[in-house]
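Hi,

Here is the structure I promised to pass on to you. Please have a look, and then read on for what turned up in it.

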Amino acid sequence: MQRRSLLATVGTGIATAVAGCADDGSESPTPTPTPEPAESELHLSVENTSSTVQDVGFLLRTTRGNSTTVEAFELTDIGPGETRTRDPQELPAGTYELGVELRTLSMRTTSDWAGRDCPVKDIDLELRADGFRFRDACPDTDDQ
């Protein structure tokens with residue numbers, strides 16, 4: 001009798017464990033959809049605190065799906081103590097890479113971002129005699 005009672009207890013335990021794994025008819029969680037690309041706006045400012053005239057070249061890559069467009073532009077003859085601000089540039093929805101080349105100093109840097117994460121991108125570049133200070137920020141999201 002004890003053997004039958006023990007088997008019944010073990011059988012009930014296994015049945016309960018299996019029942020916990022059984023499909024309860026609810027739907028499985030749906031995967032999180034990939035966020036849609038969004039637009040961004042580029043704000044660019046260059047300040048020359050060195051004692052020489054400086055030139056800066058830029059290469060902006062915008063990727064949308066399987067397509068990448070490249071735009072090159074420059075700010076030249078930036079005199080000592082001068083600050084140049086480029087008009088804000090509205091960028092199509094996508095991801096972006098901005099390459100910056102400091103020609104006089106033979107230095108380069110890049111900044112990458114996605115429009116959905118950074119609707120406004122502020123780039124501030126300070127040119128110094130010994131190098132540069134590069135600051136990029138997303139003012140709408142950096143304070144959160």
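**What was found**

To begin with one pair of strands: β2 (residues 54-64) and β3 are joined by ten bridges and pair in the antiparallel sense. Within this pairing, Val56 sits opposite Leu75 of β3.

Please keep in mind that this is a predicted model. The protein chain has a mean pLDDT of 83, and 73% of its residues reach 70 or more. Residues 5-10 deserve some caution: pLDDT stays under 50 there, and the model has zero contacts beyond four places in sequence for them. Where pLDDT is low, the predicted coordinates should not be read in detail.

**The open sheet**

The pairing of β2 and β3 belongs to an open sheet of four strands, which follow the order β3-β2-β5-β6 with antiparallel pairing. At the edges are β3 (67-78) and β6 (107-114), each of which pairs on one side only. On average, neighbouring strands of this sheet are turned by 15° against each other, with direction ignored.

**Aromatic pairs**

The structure holds two aromatic pairs. In one of them, the ring centres of Phe58 and Phe73 are 5.1 Å apart and the planes are at 20°, so this pair is stacked; planes under 30 degrees apart count as stacked. Phe58 lies in strand β2 and Phe73 in strand β3, so the pair ties together parts that are 15 residues apart in sequence. Are these two residues, Phe58 and Phe73, buried or exposed? Both Phe58 and Phe73 are buried.

Tyr96 and Trp113 also form an aromatic pair, this one tilted, with 5.2 Å centre to centre and 35° between the planes. Tyr96 is in strand β5 (residues 95-102) and Trp113 in strand β6, so to speak of distant parts of the chain is fair: the two are 17 residues apart. Tyr96 and Trp113 are buried as well.

**Strand β7 and its partners**

Strand β7 (residues 120-128) has nine residues, and seven of them are buried, so the strand is largely enclosed by the rest of the structure. Buried here means under 20% relative accessible area.

Which strands does β7 pair with? One is β1 (residues 40-48), which runs parallel to β7 and is joined to it by eight bridges. Another is β8 (residues 131-137), which runs antiparallel to β7, with seven bridges between them. β7 and β8 form a hairpin, with two residues between the strands.

Glu126 of β7 is a handy residue to click on. Glu47 stands opposite Glu126, and Arg133 in β8 stands opposite Glu126 too. Asp124 has Arg135 in β8 as its bridge partner.

**The disulfide**

The structure holds one disulfide. The disulfide joins Cys118 to Cys138, with 2.0 Å from S to S. The link of Cys118 and Cys138 is left-handed, at -105° about the S-S bond. Cys118 lies in the loop between β6 and β7, and Cys138 in the loop between β8 and α2 (139-142), so the pair ties together parts that are 20 residues apart in sequence.

Both cysteines fall below the 20% cut-off for buried. Cys118 counts as buried at 1% relative accessibility, and Cys138 counts as buried at 9%.

Best wishes

Methods: Residues numbered from 1 in each chain as written. Predicted model: local features only at pLDDT ≥ 70, side-chain atom pairs only at ≥ 80, totals over all residues. Heavy atoms only, no water. Pairing = 2+ DSSP bridges. Axes fitted to C-alpha atoms, helices over the stretch in contact; angles between N-to-C directions. Buried < 20%, exposed > 50% of the residue type's maximum accessible area, 1.4 Å probe, protein only. Disulfide = S-S within 2.5 Å. pLDDT = per-residue confidence, 0-100. Contact = heavy atoms within 4.5 Å. Phe/Tyr/Trp six-rings, centres within 6.5 Å; stacked < 30°, edge-to-face > 60°.
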